[in-house]
Amino acid sequence: MASCAYAKLNGLCVVSSDGCGRMRNGVKRKCVIVRALSSSSTEVSPATASYEEGQLERPKWTGETPLSRLVGALISFKPLYSVLKLGARQVLISTAEKTNIPWREMTREILESEVYNEMDNIQDSSIVYPDYYLNPFHAYDEGNLSWLAAAEAEAATMSMVRRAIPDASSLDEANEIVRGNWLNAIEQHHQRFSGNTMIRNILDIGCSVGVSSRYLANKFPSAKVTGLDLSPYFLAVAQFKEKKSTPRKNPISWVHANGEDTGLPSQSFDIVSIAYVLHECPTRAIVNLVKEAFRLLRPGGTFAVTDNSPKSKILQELSPVLFTLMKSTEPFLDEYYLTDLEGKMREAGFVNIQTILTDPRHRTVTGTVPY
């Protein structure tokens, strides 16, 4: 399948939600047209790629299907589960290093740095972690509450981007597509449905080590960006890396809090973003995160979620080995795929809800708080 990566563009990719109506085996298929946007022009060029949806509502290895139950049984066998976790971790590291992402070097640089000094002024010791958050995630027994997980997070994110766009010639090019399409989806939704509402404040819930927060700050430099996460280890790395980077006109703020109940003032943000977080959450947490985003947004504000797409053709057609490895490190993946996110957003009060594939694996869902 062609991708914007083939175009070797300096600009980003712009997503259009027009259906292309492609016929395959007598079935009309939905897809998203991705067009190249020149960095020096607002004109849209002819289509360079299409992200095609699969035939199913969600992968057959999720939910109450025979295949899903078989995978669940395999994962529940502890000796095999331990092997699967190690295998999943090795796949991540191998993918990274095969694509010139210096995983081990990046990890060592963090662990041997002064990052530990950031913990004291970032951690809220009064936080009570929700039970689901204490589960092992991503092959770490401590989940997100460890220095190793925090030190490896950025390399893991880079690896995710390369897997999403395997034909990209470089990580930068892959990021132009994955991050560029996500940011453009947010910007276009806000421009279309929020009128002339100025973007003054942005909240990045589940910001991890601040990668998504930095992209938001770069895209909207006049806004004040706040990165919020439950892991003080992640936030310590985020703050440490930001201090070492070029100073911004509007420095990013970091908050240690639960995204389900942030304690931040109501109607205090114009954009609330949640990137690659919900697939790690049970349904009850997803519902609470959506409700909290609605409370935090000003009228006309934009809510944006980007994460795995249940309708991704690539995810629906993953090999048994890969989807078993994936489920072994993501304890709430089934709940995520079975949750009607758009429906939960409507129930919370959001309007103008749109869902588009912003790369072959991920969707971006946007909605507006009505005036």
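**Entry 1: H4 against H5**

I looked up which residues join H4 and H5 in this predicted model. On the H4 side I noted Thr157, Met158, Met160, Val161, Arg162 and Ala164, which meet Leu171, Ala174, Asn175, Val178 and Arg179 in H5. I then took the axes of H4 and H5, which come within 9 Å and cross at roughly 80°. Angles of 65 to 115 degrees count as roughly perpendicular, and H4 and H5 are therefore entered as roughly perpendicular to each other.

**Entry 2: H5 against H6**

I turned next to the pairing of H5 with H6. Their axes come within 11 Å, with a crossing angle of roughly 60°. I recorded H5 and H6 as oblique to each other because of this angle. The crossing of H5 and H6 is right-handed. From H5, the contact draws on Asn175, Arg179, Trp182, Leu183, Asn184, Ile186 and Glu187. From H6, I listed Val211, Ser212, Tyr215, Leu216 and Lys219. Asn175 and Arg179 of H5 thus appear in the contact with H4 and also in the contact with H6.

**Entry 3: the nonpolar cores**

Which residues touch the most other members of the largest nonpolar core? I found Ile165, Ile186, Ile202, Leu216, Phe220 and Trp254, in a core of 52 residues. Helices H2 (78-98), H3 (103-111), H4 (147-164), H5 (171-193), H6 (211-219) and H7 (232-244), together with strand E9 (269-275), each give two or more residues to this core. H4 supplies the largest share, 9 residues. Apart from this core I noted another, of 45 residues, which includes Cys281, Leu296, Phe350 and Val365. Two of the names in this entry recur from the H5 and H6 contact: Ile186 of H5 and Leu216 of H6.

**Entry 4: H7 and its cover**

I checked the span of H7, a helix of 13 residues. From its first C-alpha to its last, H7 reaches 18 Å, close to the 18 Å expected at 1.5 Å a residue. I then asked which residues of H7 are buried. They are Pro232, Phe234, Leu235, Ala236, Val237, Ala238, Gln239, Phe240 and Glu242. The cover over these buried residues includes H3, H4 and H6, as well as strands E7 (224-229) and E8 (253-256).

**Entry 5: Pro136**

My last entry concerns Pro136, in the loop between H3 and H4. I recorded Pro136 as partly exposed because its relative accessibility is 27%. I also followed Pro136 to Glu330, which lies 194 residues apart from it along the chain. The C-alpha atoms of Pro136 and Glu330 are separated by 8.3 Å.

Notes. Residues are numbered from 1 along each chain as its sequence is written. This is a predicted model: local features need pLDDT of at least 70, side-chain atom pairs count only at pLDDT 80 or more; totals for chains, interfaces and linings use all residues. Side-chain values use heavy atoms; hydrogens and water are left out. A nonpolar core is a set of buried Ala, Val, Leu, Ile, Met, Phe, Trp, Tyr and Cys residues joined through side-chain atoms within 4.5 Å. Buried means under 20% relative accessible area, exposed over 50%, partly exposed in between (1.4 Å probe, protein chains only). Helices (H or I, at least four residues) and strands (E, at least two) are DSSP runs, numbered from the N terminus. The expected span of a helix is 1.5 Å times one less than its number of residues. Contact means heavy atoms within 4.5 Å. Axes are lines fitted to C-alpha atoms, for helices over the stretch in contact, and angles run from 0 to 180 degrees between N-to-C directions. Angles under 35 degrees count as roughly parallel, over 145 as roughly antiparallel, 65 to 115 as roughly perpendicular and the rest as oblique. A crossing is left-handed if the near helix is turned anticlockwise from the far one by less than a right angle, and right-handed if clockwise.
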